[in-house]
Amino acid sequence: MALVSTEPSQTIALPDANLREDINDALSEMRVSLEQNSPEEVLANAEKDLKALMNTRLDIAITGASGTGKSSLVNAFRNITESEEGAAETGVKQTTMIPEEYPHPHFPGITLWDLPGIGTPGFQPKEYLQKINFSRYDFFIIVASERFTMNDAMLASEIQKTKKSFYFVRTKVDQAMDAERRKPNFSEKQTLEVIRKYCLFNLIKGGVVNPRIFLVSSWHLNMYDFPFLQMTLANDLNDLKRFLLFMAMSPFSRENLLEKKAAMEAVIWKKALLSCAIGVIPLPGLSLSVDIGLLVTTLKDICKAFGLDEDSLCNLANRVGKPVDVLRSAVKKTPLANQINPQFVRSLITPSPLVGSAMVLEMISDFIPGMGSLGAYSFSTSFYMLKRFLEDAMKDAENVLAKVVE
């Protein structure tokens, strides 16, 4: 554990209203915890919760007939292109004969599984779930590129018996749109409705009750239903897995960015508490101690969640047909993930007189009388730094999205 200690600045500055409200909210949650547990238990619980987040796994199964775009969808969820190293192999032939796992490049707790197409030799519907070890997966995405078949309906019926969630995804919608666009009186809205009703008709005909259908293009992820698909999946998960999926989601809209921001805000006070746990120990000459390694990891995770890393920017530039330098120029307030190191974190911690103000320390002491000024200053410094960085990352991500649509 790498630690840094600094002396509090003698400058007295009053926190702005937003910062005071944020610290107030964090301390309110901490005070509720302290009313029920000792400080040692609160710290242990925060550490336990953060470890649970780190150890959470999410296994997503993507299945369907061969040639429907399953591998492309796997790559889309991992926010990588088909030409990148480690991408799922795509092609019109049957490329997947055994379940193949593809960890998310930034959030390895998430694994996408490219499953053999149902109905292919050796994978008939009745034995399919047993052969692919169905209990491993949190939910299933059943993929079709034109229409859903009886095999897809039978698979959904078998999955339903296991009480697992499943979703139908109709891929290659962009290709369908290009074909229809040549016709007179073309309407994108009407075309999408025709496709959706056609999928719905075939699934209901196959015996599926209230199928959930999403129309997507694995290349144009910001269009059609892919953002809605991501949100639906997240909302159907428990808290830990929802947090993980929120962090890994490709940032396509401001609403999506706000979800990511809210997810991180829910754990920032625990990160701040854990990072400065040593700050409550009255060691001579040690006014502030924080765990630099934990803060470095947290800031990197924030950047990766918001797409503020070199790989994500290059991938986005490739998808939208813009020079990566144009997107990179929008990142003004934060460094990219690979540029964050202990020295950078120290630079954020040292010049922070705002959090050392008498008002902040008094506020914390009022909430948590037993913490003392050392712990109060350490906590407020860590919390302020993480909170401010999150706000800056949000603004940079919004700026990148603005460049995309220019």
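**Reading the cavity and strand S2**

Me: How much space lies in the largest cavity?

Reply: The largest cavity holds about 50 Å³; a cavity is a set of points on a 1 Å grid over the protein atoms alone where a 1.4 Å probe fits but cannot get out, and its volume is the space filled by probe spheres set on points joined across faces, edges and corners. This is a predicted model, in which local features need pLDDT of at least 70 and side-chain atom pairs count only at pLDDT 80 or more, while totals for chains, interfaces and linings use all residues. Residues are numbered from 1 along each chain as its sequence is written, and side-chain values use heavy atoms, without hydrogens and water.

Me: How many cavities of 30 Å³ or more does the structure hold, and which residues line the largest cavity?

Reply: The structure holds 1 of that size. Lining residues have an atom within 4 Å of a point, and here they are Ile 60, Phe 77, His 104, Ile 110, Leu 112, Gln 230, Leu 245, Ala 248 and Met 249. S4 and helix H9 (239-248) each supply at least two of the lining residues; helices (H or I, at least four residues) and strands (E, at least two) are DSSP runs, numbered from the N terminus.

Me: Ile 60 is in that lining. What surrounds its strand, S2?

Reply: Strand S2 (residues 58-64) is largely enclosed by the rest of the structure, because 7 of its 7 residues are buried, meaning under 20% relative accessible area (exposed is over 50%, partly exposed in between, with a 1.4 Å probe and protein chains only). Leu 58, Ile 60, Ile 62 and Gly 64 point one way from S2, Asp 59, Ala 61 and Thr 63 the other way, and all are buried.

Me: Which strands pair with S2?

Reply: Strands pair if DSSP finds at least two bridges between them. S2 and S4 (residues 110-114) pair in the parallel sense over 5 bridges, with Ile 60 opposite Leu 112. S2 and S5 (residues 139-144) are also parallel, over 5 bridges, and there Ala 61 has Phe 140 as its bridge partner.

Me: How many disulfides does a search of the whole structure find?

Reply: A disulfide is a covalent bond between the sulfur atoms of two cysteines. With a cut-off of sulfur atoms within 2.5 Å, the search finds 0. As for single cysteines, Cys 303 counts as buried because its relative accessibility is 0%, whereas Cys 314, at 35%, counts as partly exposed.

Me: And how is the chain built overall?

Reply: The chain has 16 helices and 8 strands, and 50% of its 406 residues count as buried.

Technical notes
On a 1 Å grid over the protein atoms alone, a cavity is a set of points where a 1.4 Å probe fits but cannot get out, and a pocket is an open set with protein on both sides within 12 Å along at least five of seven lines; lining residues have an atom within 4 Å of a point.
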